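Colleague: I've got a model open on my screen and I'd like to get my bearings. Could you walk me through it?

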Amino acid sequence: MTAQADDELWSAIGDPSRRQVLDLIVSNGAVSASWLAGRVPFSRQAVAKHLAVLAEAGLVTSRKQGREVLYQVVADRLDQATRAMAQLAAQWDRRLATIKRLAEAAHTENTESRGSKEEAPS
Amino acid sequence: MPGLVIVREILIEAPIEVVWRTVTEPDQVSQWFADRVDLVLEPGAHGYMQFGDQGGPVVVETVDPPTRFSFRWNHPRGEEPVAGNSMLVEFTLTPEGDERTQLRVTESGHELRAWPEAERQRYADEHREGWREFLDQLVTLLAKRQQG
């Protein structure tokens, strides 16, 4: 993925409304813009705009079927997005797990040294 | 990476002051984050993080002991990190009684930062569960597709 493609991908899925549109396409397969417009709390024009951005980022493709244009997800591109997100999230999970281990070890050490000081006079 | 937000949380069996030190003290930070950490705990302070043979500048944004710490990074070399060109990493510590602390980290891109506060809050709230769910859904779908 080039940096520019990366940016397009992140901004495409970073917007909550757009994610809602993408979510609906993901769960329902090939759907039309008017079908989508009936299921989201924003205008048909907004749906069309979101679809254009998603298509530009390579996340959805369209095809004509009769008089309708149907949109569907591009699995490879979604897979890329998912993996990139999951990698970043996993990286933070590893860091948080290390923080937990360090803090808990420091706490145990503090408690023990406090304990031995308190016991010392007796 | 505009609009990107990652939120992760962990529950730690240690008091908030201990977790705060682990998250913010440079000799601790070098154990869970970068290999070499040059960091001063003051808003606006410029520091540096070295990861193996790569590294980059960081600028501290918020220091509010023992609950909030944030810094910016991943900005273009030679530029000051501002809301428009960098990633913001924010740590939020919440005490759960005397002996436990909930630690949350958020990494977010610049577009979000430029939004009005209310919109940002709404997105952040929605995001807390939304993103995980969204990813899970994608992963499930892709697994099904690969089988089929």
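What follows is a chat in questions and answers about this predicted model.

Colleague: Let's start with chain B. How many helices and strands does the secondary structure of chain B come to?

Modeller: Try reading along the sequence: chain B follows the pattern β-α-α-β-β-β-β-β-β-α-α. Tallied up, the secondary structure comes to four helices and seven strands.

Colleague: In what order do the seven strands of chain B form their sheet?

Modeller: The sheet is an open one, and the pairing in it is antiparallel. Its edge strands are strand 1 (5-12) and strand 2 (36-38) of chain B, each pairing on one side only. Neighbouring strands are turned by 20° against each other on average, direction ignored. Put together, the order is 1-7-6-5-4-3-2.

Colleague: Which strands of that sheet does helix 1 (residues 16-24) of chain B touch?

Modeller: This helix packs on the sheet, and its direction makes about 160° with that of strand 6 of chain B. The strands it touches are strand 1, strand 5 (68-73), strand 6 (87-96) and strand 7 (100-108).

Colleague: Which residue stands opposite B:Gly56?

Modeller: B:Gly56 is in strand 4 of chain B. Six bridges join strand 3 (residues 46-51) to strand 4 (residues 54-64), and these two run antiparallel. The residue facing B:Gly56 is B:Met49.

Colleague: And on the strand 2 side, which residue does B:Val37 stand opposite?

Modeller: Strand 2 and strand 3 of chain B pair in the antiparallel sense, over three bridges. The residue opposite B:Val37 sits in strand 3, and that's B:Met49.

Colleague: Which residue takes a positive phi in the hairpin of strand 3 and strand 4 of chain B?

Modeller: That hairpin has two residues between the strands. The phi in question is near 55°, and the residue is B:Gly52.

Colleague: Where is the cis peptide bond in chain B?

Modeller: Head for the loop between strand 4 and strand 5 of chain B, where B:Pro66 lies. Omega is about -5° for the bond, which joins B:Pro65 and B:Pro66.

Colleague: Is B:Leu103 buried or exposed?

Modeller: You'll find B:Leu103 in strand 7 of chain B. Leaving aside neighbours within four places in sequence, its contacts include A:Leu96 and A:Ile99 from chain A, along with B:Val19 and B:Phe91. A residue needs 20 or more C-beta neighbours within 10 Å to count as buried. B:Leu103 has 23 inside that distance, so the verdict is buried.

Colleague: How far is the C-alpha atom of B:Leu103 from that of B:Ile16?

Modeller: Along the chain these two are 87 residues apart. In space, their C-alpha atoms are separated by 9.0 Å.

Colleague: What about B:Pro76, buried or exposed?

Modeller: B:Pro76 has its place in the loop between strand 5 and strand 6 of chain B. The cut-off for exposed is 12 or fewer C-beta neighbours within 10 Å. B:Pro76 has 10 of them, so the answer is exposed.

Colleague: Over to chain A. What span should helix 2 (residues 16-28) have?

Modeller: The expected span is 1.5 Å times one less than the number of residues. Helix 2 has 13 residues, and its end C-alpha atoms are 18 Å apart, which agrees with the expected 18 Å.

Colleague: Which residue just after helix 2 of chain A takes a positive phi?

Modeller: Inside the helix, the buried residues include A:Val21, A:Leu22 and A:Ile25. Just past the helix, phi is about 75° at A:Gly29.

Colleague: How do helix 2 and helix 4 (residues 44-56) of chain A lie relative to each other?

Modeller: Their axes come within 10 Å and cross at roughly 80°. Angles of 65 to 115 degrees count as roughly perpendicular. The two helices are therefore roughly perpendicular.

Colleague: By class, which residues make up the contact of helix 2 with helix 4 of chain A?

Modeller: Helix 2 brings in residues including A:Val21 and A:Leu22, while helix 4 has A:Val47 and A:Leu51 among its own. By class, that contact has seven nonpolar, two polar and one charged residues.

Colleague: Last one: which residue stands opposite A:Arg63?

Modeller: Strand 2 (residues 60-65) and strand 3 (residues 68-73) of chain A pair in the antiparallel sense over six bridges. Their hairpin has two residues between the strands, and A:Gly66 takes a positive phi near 60° there. Across from A:Arg63, in strand 3, is A:Leu70.

Conventions:
Residues are numbered from 1 along each chain as its sequence is written. Chains are lettered from A and ligands numbered from 1 in the order in which they are written. This is a predicted model: local features need pLDDT of at least 70, side-chain atom pairs count only at pLDDT 80 or more; totals for chains, interfaces and linings use all residues. Two strands pair if DSSP finds at least two bridges between them. Axes are lines fitted to C-alpha atoms, for helices over the stretch in contact, and angles run from 0 to 180 degrees between N-to-C directions. Two residues are in contact if their C-beta atoms, placed from the backbone, lie within 7 Å. Angles under 35 degrees count as roughly parallel, over 145 as roughly antiparallel, 65 to 115 as roughly perpendicular and the rest as oblique. Ala, Val, Leu, Ile, Met, Phe, Trp, Tyr, Cys and Pro count as nonpolar, Asp, Glu, Lys and Arg as charged, and the others, Gly among them, as polar.
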